[in-house]
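Please open the model in your viewer, with strands drawn as ribbons and side chains ready to be switched on. The tour below proceeds by selections, each followed by a description of what is found there.

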Amino acid sequence: MGSMCLLHASLTEYVLLFGTAVDTAGHSGRYWANITDTIIKGSFTQWKEGTLKSEVFSAGDTVRHSVGEAAAVSWTSGTWMVEYGRGFIPSALVFAMADSVFSTTDVVTIFYTFRIYAKALWQETRVTFHHAIEYLEENI
């Protein structure tokens with residue numbers, strides 16, 4: 001279990017802060033996106049699929065998850081990191097929300113997550129159209 005604060009999101013990338021106040025572990029998910037996590041505080045352990053040894057990352061380290069990779073992951077309490085994802089981001093939402101849908105049935109969290117992502121997409125769309133209009137006005 002963890003907490004996140006979405007800083008930027010679009011269809012092709014996102015930036016967020018993620019942290020946990022309790023020791024937690026789980027499956028990384030398998031995404032159509034490249035994801036990097038830079039540890040700010042605490043430690044993160046990753047055991048990649050197909051390997052025999054886990055890796056421990058601490059403050060200042062960057063963890064890379066390539067497209068299609070999966071791993072067992074764990075965080076110690078008090079761990080915080082910045083996460084950057086680039087690729088087809090809606091595919092990541094499917095796994096990210098699966099536990100809330102099928103296990104905890106936490107509809108409030110599902111609603112808030114999709115509302116925050118939709119708001120970020122709307123803001124991205126507005127900025128893109130604004131830049132397109134400025135470009136057309138300057139060049140036509």
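Begin with strands E5 and E6 of this predicted model, which run antiparallel and are joined by 4 bridges. Within this pairing, select Gln46 and look across to Glu55 in E6, the residue that stands opposite. The two strands form a hairpin with 6 residues between them, and in the turn Gly50 has a positive phi of about 85°.

Stay on the hairpin and show the side chains of Phe44 and Phe57. Their ring centres lie 6.3 Å apart with the planes at 45°, so this aromatic pair is tilted. Because Phe44 belongs to strand E5 (residues 43-48) and Phe57 to strand E6 (residues 55-58), the pair ties together parts that are 13 residues apart in sequence. Are these two residues buried or exposed? Phe44 has a relative accessibility of 1% and therefore counts as buried, and Phe57, at 12%, counts as buried as well.

Now widen the selection to include Phe18 and Trp75, which form one aromatic cluster with Phe44 and Phe57. In the structure as a whole there are 5 aromatic pairs. For another of these pairs, move to Phe111 and Tyr112, whose rings are tilted at 55° between the planes, with a distance of 5.7 Å from centre to centre. Here Phe111 is partly exposed at 48% relative accessibility, and Tyr112 is likewise partly exposed, with a relative accessible area of 42%.

Next, turn to the charged side chains, where the count comes to 2 salt bridges. Select Glu49 and Arg30, whose side chains meet in one salt bridge at 3.1 Å from N to O. This pair links distant parts of the chain, 19 residues apart, since Glu49 sits in the loop between E5 and E6, while Arg30 sits in the loop between strand E3 (24-27) and strand E4 (33-41). With a relative accessible area of 52%, Glu49 is exposed, whereas Arg30, at 45%, is partly exposed.

For the other salt bridge, select Glu69 and Lys48, whose side chains meet at 3.5 Å from N to O. Glu69 lies in the loop between strand E7 (62-65) and strand E8 (71-75), and Lys48 lies in strand E5, so the pair ties together parts that are 21 residues apart in sequence. Glu69 is partly exposed, with a relative accessible area of 29%, and Lys48, with 24%, is also partly exposed.

Finally, hide the side chains and colour the strands of the open sheet. In which order do its 5 strands follow one another? The order is E1-E2-E9-E4-E7, and the pairing is antiparallel. At the edges are strand E1 (3-9) and E7, each of which pairs on one side only. Following the sheet across, you will find a twist that averages 20° from one strand to the next.

Within this sheet, pick out E4 and strand E9 (residues 79-87), which pair in the antiparallel sense over 8 bridges. As a last selection, show Asn34 and look for Arg86 in E9, which stands opposite.

Notes:
Residues are numbered from 1 along each chain as its sequence is written. This is a predicted model: local features need pLDDT of at least 70, side-chain atom pairs count only at pLDDT 80 or more; totals for chains, interfaces and linings use all residues. Side-chain values use heavy atoms; hydrogens and water are left out. Rings of Phe, Tyr and Trp (its six-membered ring) pair if their centres lie within 6.5 Å; planes under 30 degrees apart count as stacked, over 60 as edge-to-face and the rest as tilted. Buried means under 20% relative accessible area, exposed over 50%, partly exposed in between (1.4 Å probe, protein chains only). A salt bridge is a side-chain nitrogen of Lys or Arg within 4 Å of a carboxyl oxygen of Asp or Glu. Two strands pair if DSSP finds at least two bridges between them. Axes are lines fitted to C-alpha atoms, for helices over the stretch in contact, and angles run from 0 to 180 degrees between N-to-C directions.
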